[in-house]
Amino acid sequence: MVITDGGMETTLIFKEGLELPEFASFVLLDDPVGPEALLRYYEPYLEIARRRGVGIQLDAPTWRANRDWGERLGYSPEALADVNRRAVALLEALRESTGGDPEIVIAGCIGPRGDAYGVDDAMTADDAESYHSTQVETFADTTVDLIGALTLAYADEAVGIVRAAGRVGLPVVISFTVETDGRLPSGQALGEAIEQVDAETDGAAAYFMVNCAHPTHVAPALRPEPWLDRIHGLRANASTKSHAELDEAEELDEGDPDELAAGYRELRSQLRNLEVVGGCCGTDHRHVDAISAVFTP
């Protein structure tokens, strides 16, 4: 069992009062107080992992650190590559400081090229491979253990990321998001998306996850079919609201940690290989602690 952190950006914005333009946490690495704020964010999750006796996967704060979002925020290609490397270096220093307790897995986090909840500018798989290769290749020169692609809205982008990771020899985890009906924002069924990615990459992804959706949104997608065993991770939202409702919300919907954990418990019987659990938007260490209690003594 491995836990992850929670909703990094929502915690930093709503709990810490930090400004994250374009929802980009990587900009904190260029803020005088930013690196310390990130380390404070990670610490409660490390403590949960120690107390529960489990490993922890920490994502570099690089979900927005790809070319298009970087350009919007004034980063040159060289500066963007540098900030991706520094994000990993921050986690590597944190890992060294813990002395192996808890065991930390570092993920080079990749986000979608566009809006995580839309597919208006969808790429082909070839275009996605070319686009995401820049960030993937940057991570290949760091100490990341794997590539974690979060909040993907359509299968072709996932295919491209898997291919890009394969070219540099890094394990890659693909995490789709779903709407309230259990389908991807593209309208494709979750199972069909997983099957497409596996078919077009010879099953090269280490495993799949679902993130940025409440357990009640994930449940309608699940079917007792072979692709279900490819899902090893879940990082749910605290809120039962739709993506559209969350986009319009001016206050953080934290939901209830115990109710969220109960949702994980209900899905556990169907997701037989579920072993990586954490949170997404609206969640913090309280939610992850409650979730981890479902899977540990």
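How many residues of the lining of the largest pocket are nonpolar, polar and charged? The split is 16 nonpolar, eight polar and nine charged.

What you see is a predicted model, in which local features need pLDDT of at least 70, side-chain atom pairs count only at pLDDT 80 or more, and totals for chains, interfaces and linings use all residues. Residues are numbered from 1 along each chain as its sequence is written, and side-chain values use heavy atoms, with hydrogens and water left out.

Here are the two pockets (open sets of points on a 1 Å grid over the protein atoms alone, where a 1.4 Å probe fits, with protein on both sides within 12 Å along at least five of seven lines; lining residues have an atom within 4 Å of a point).

| Pocket | Volume | Lining |
|---|---|---|
| Largest | about 670 Å³ | 33 residues |
| Second largest | about 230 Å³ | 15 residues |

Thr10, Phe23, Tyr117, Cys212 and Cys281 lie nearest the centre of the largest pocket. Helix H1 gives the largest share of that lining, four residues. (Helices are DSSP runs of H or I with at least four residues, strands are E runs of at least two, and both are numbered from the N terminus.)

Now for helix H2, residues 34–52: its 19 residues reach 28 Å from first C-alpha to last, close to the 27 Å expected at 1.5 Å a residue. There's a bend of about 25 degrees at Glu43 (the angle between axes fitted to the seven residues ending there and the seven starting there), and Pro44 follows within four residues. Right after H2 comes Gly53, with a positive phi near 70 degrees.

Conventions:
The expected span of a helix is 1.5 Å times one less than its number of residues. Grid points are joined across faces, edges and corners, and a volume is the space filled by probe spheres set on the points. Ala, Val, Leu, Ile, Met, Phe, Trp, Tyr, Cys and Pro count as nonpolar, Asp, Glu, Lys and Arg as charged, and the others, Gly among them, as polar.
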